[in-house]
Amino acid sequence: MLVGAGPGDPGLITWRGVECLASADAVLYDSLANPRLLDHAPPAAIRISLGRHGKDHVWTQDEINQRLIELARQGLRVVRLKGGDPAVFAHLSEELASLRAAGIRYEIVPGVTAALAGVCYCELPITQRGAASAVAFVTGHEQADKIDPSLDFASLAAFPGTLVVYMGVTTAPVWTAALVAAGKPPSTPAAILRRCTWPDQQLISCTLGTAASVIAESRLRPPVLVVIGEVAALLPSSNWFNSRPLYGQRILVTRPAHQNQALVRPLTELGAECWVQPAIGILPPADWRPVDEALRRLNNFDWIVFSSANGVRYFLDRLLQTGADLRRIGSARLAVIGPGTAAELARYHLRADLQPDEFRAEALALALRSESSRSAGSEPGQPVQALLVRASRGREVLSEQLQSAGIHVHQIVAY
């Protein structure tokens, strides 16, 4: 599957592209594809980077073609994740020719090409009534051994619309001079767009005659687009993308991998660049026996206390996996630390009997002490019995404060 990844913002991949990644056994991705898109692939999928220019070895097209065929012949579902759109300056014809010759079945999934996304993210229309009714995508880097004639700069200079130059950083002095020599006025407005739709996108207004010097003086590196034509004069000084409240902020998110999107998504929408590095992993306990023993004795507890949504999920899933059902909870009352934990309980059609106003262990302990002082344990003359479902690590505040109030606490590690 040859899938367009879009220009950078991971939200711009198509729904079909996400479906292909979700079913992939192997993903070959280039440096222009946002690494966060790999999160859509199964954890066990093979992930192969095709290299970054100036950083490490960049695979040749022949190496890519060969690897695609090798993986496909192993019976794997292979995704070739390509920055932008597969059909726009992305070697689609070479890869298709190799796949056809090898008898490999394939699918092509279009993507949002950089030019269309970039101008939207900087509020620059590439067509406009009275200024430009046509658009031409132009490569600034032609194949060295190309047999066909090179670009017709005379026709491009006379083109009645907007020119968008891809891959033209290193060759900017050549193609800008050629356009001017062919009759394009050096005063023609131009706009340089670097890393379109990424959190650090750069926008520079210039002219055709100054574009090459601006690129050199600013030491701009790919990916860069240059928009040339009257519409380039419409580039605003600010735009919706750069004006978001957290734009320019880089935030490290350390939540577990399967839970980080609840925080990453709203931060990203506010303009932040989120780096994800899980500091912990959420896993089943090494030994289920203490949990299983507590499940068999649920009728002995007055309270079941959950300190997190993860505890709810692992504890109740284990209850169901043992062949029991929610009736096993019986008359035990349920206490939770906050609304997230209560919401997780609700997924199992259970309602929390106690939730403190403050979402802290101290507040839950205080609420439980107050509630338990009004009632005795299930056995006359016996203290209130509480089952505390917790993680393998964490503070002891809740357990210690409950025990100091005379509540008998039995702790189990559910995750």
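How many bridges pair strand E15 with E16, and in which sense do the two strands pair? In this predicted model, strand E15 (residues 385-390) and E16 are joined by six bridges, and their pairing is parallel. You can pick out one of the facing positions by finding Val389, which stands opposite Ile412 in E16.

Now step back to the sheet around that pair. Four strands make up an open sheet with parallel pairing, and their order is E14-E13-E15-E16. Strand E14 (333-336) and strand E16 (408-413) are at the edges; each has a single partner strand, so one side of each is left without a neighbour in the sheet. From one strand to the next, the twist averages 25 degrees.

Two helices are worth finding here. Helix H10 (residues 309-321) lies across strand E13 (303-306), E15 and E16, and runs at about 125 degrees to E13. Helix H12 (residues 361-372) lies across E13 and E14, at about 170 degrees to E13.

Let's turn to another sheet, earlier in the numbering. Here five strands form an open sheet, again with parallel pairing, and reading across gives the order E3-E2-E4-E1-E5. Its edge strands are strand E3 (46-49) and strand E5 (108-109), each of which pairs on one side only. Helix H3 (residues 92-101) packs on this sheet, where H3 touches E1, strand E4 (78-82) and E5. The direction of H3 makes about 160 degrees with that of E1.

To finish, look at how edge strand E5 is held to its partner: two bridges join strand E1 (residues 2-4) to E5, and these strands run parallel. Across this pairing, Leu2 stands opposite Ile108 in E5.

Definitions and conventions: This is a predicted model: local features need pLDDT of at least 70, side-chain atom pairs count only at pLDDT 80 or more; totals for chains, interfaces and linings use all residues. Side-chain values use heavy atoms; hydrogens and water are left out. Two strands pair if DSSP finds at least two bridges between them. Contact means heavy atoms within 4.5 Å. Axes are lines fitted to C-alpha atoms, for helices over the stretch in contact, and angles run from 0 to 180 degrees between N-to-C directions.
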